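Subject: The structure I promised you

Hi,

Here is the structure I said I would pass on. Have it open while you read, and I'll go through what turned up.

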Amino acid sequence: MTTPGNGISITHALEPYDWSNEETAAYEAVNGAVGAYSARISAEEAKPQPDQQIIQDARAAQTRLAREREGLRSGDREQIAAARQHYAQLAREVRGGAA
């Protein structure tokens, strides 16, 4: 029997869900921001004297983004549209060094 916590996946019991392009783009935008922070961490760690505060802040941002991603509701079109715009902008800012 499949029960929570027994180590057996219950994904086979999930109903199929068709993702819209907008929904997919919103989740990908969050992932892009997480990836931008990953690049920042890697670049900092590659330095002869990495700034640990930059690394710590970037990891904290990744954790925050993961929680925010979990809060996205695919059926909430307004939230998805706002998330897509916000996280795409955030990723650009992180890559540009502004965030």
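Let's begin with a detail: at the start of α2, which backbone nitrogen does a side-chain oxygen of D51 reach? It is the backbone nitrogen of Q53, and the oxygen comes to within 2.9 Å of it.

Before going further, bear in mind that this is a predicted model. The protein chain has an average pLDDT of 86, and 86% of the residues score at least 70. Confidence is highest in α2, at a mean of 95, and lowest in α1, at 90.

**The overall picture**

You'll find 3 helices and 0 strands in the protein chain, so to speak an α-α-α pattern when you read along the sequence. The chain has 99 residues, and 23% of them count as buried. Take the contacts with a separation of 6 or more: 62% of them are between residues 24 or more positions apart.

**Helix α1**

α1 runs over residues 21-45. Its 25 residues should span 36 Å at 1.5 Å a residue, and the end C-alpha atoms are 35 Å apart, which agrees. The buried residues here include A26, Y27, V30, V34, Y37 and I41, but also E23 and E44. Among the elements that cover the buried residues of α1 are α2 and α3.

Two glutamates in this helix are worth a look. E44 is in α1 and has a relative accessibility of 5%, so it counts as buried. Leaving out residues up to four places away in sequence, E44 touches Q49, P50, D51, I54 and I55. You met D51 above, at the start of α2.

E22 is in α1 as well, but with a relative accessible area of 29% it is partly exposed. Beyond residues up to four places away in sequence, E22 touches I80, A81 and R84. Also look at E22 and S74: they are 52 residues apart along the chain, yet their C-alpha atoms are separated by 9.3 Å.

**Helix α2**

Does the length of this helix agree or disagree with what 1.5 Å a residue would give? It agrees: the 19 residues of α2 (residues 52-70) should span 27 Å, and the end C-alpha atoms are 27 Å apart. Buried in α2 are I55, A58, A61, Q62 and L65. They cover an arc of only 120° around the axis, so they are on the same side of α2. Turn to the face that points away from this buried side and you'll see the exposed residues Q52, Q56, R67 and E70. The cover over the buried residues of α2 includes α1 and α3.

Q62 may catch your eye in that buried set. Why does Q62 count as buried? Its relative accessibility is 17%, and the cut-off for buried is under 20%. Apart from neighbours within four places in sequence, Q62 is in contact with V34, Y37, S38 and I41.

**Helix α3**

α3, residues 77-96, has 20 residues and reaches 29 Å from its first C-alpha to its last, close to the 28 Å expected at 1.5 Å a residue. I80, A83, Y87, L90, A91 and V94 are its buried residues. Their arc around the axis is only 100°, which puts them on the same side of α3. On the other side, R77, E78, Q85 and G96 are exposed. What covers the buried residues of α3 includes α1 and α2. After the helix comes G97, whose phi is positive, near 85°.

**The core**

Now for how the helices come together. In soluble globular proteins, nonpolar side chains tend to be buried together. Here, the largest nonpolar core has 20 residues, and Y37, L65, L72, Y87 and L90 have the most contacts inside it. α1, α2 and α3 are the elements that give two or more residues to this core, and α1 gives the most, with 9 residues.

If you want one residue to click on, try Y37. Not counting residues up to four places away in sequence, Y37 touches A58, A61, Q62, L65, L90, V94 and A99. A58, A61, Q62 and L65 are among the buried residues of α2, while L90 and V94 are among those of α3.

Happy looking!

Methods
Residues are numbered from 1 along each chain as its sequence is written. This is a predicted model: local features need pLDDT of at least 70, side-chain atom pairs count only at pLDDT 80 or more; totals for chains, interfaces and linings use all residues. Side-chain values use heavy atoms; hydrogens and water are left out. Helices (H or I, at least four residues) and strands (E, at least two) are DSSP runs, numbered from the N terminus. The expected span of a helix is 1.5 Å times one less than its number of residues. Buried means under 20% relative accessible area, exposed over 50%, partly exposed in between (1.4 Å probe, protein chains only). The arc is that of the directions from the helix axis to the C-beta atoms. Contact means heavy atoms within 4.5 Å. A polar contact is a pair of N or O atoms within 3.5 Å; within protein, one must be able to donate a hydrogen and the other to accept it, and residues adjacent in sequence count only if both atoms are side-chain atoms. A nonpolar core is a set of buried Ala, Val, Leu, Ile, Met, Phe, Trp, Tyr and Cys residues joined through side-chain atoms within 4.5 Å. pLDDT is the predictor's confidence in each residue, from 0 to 100.
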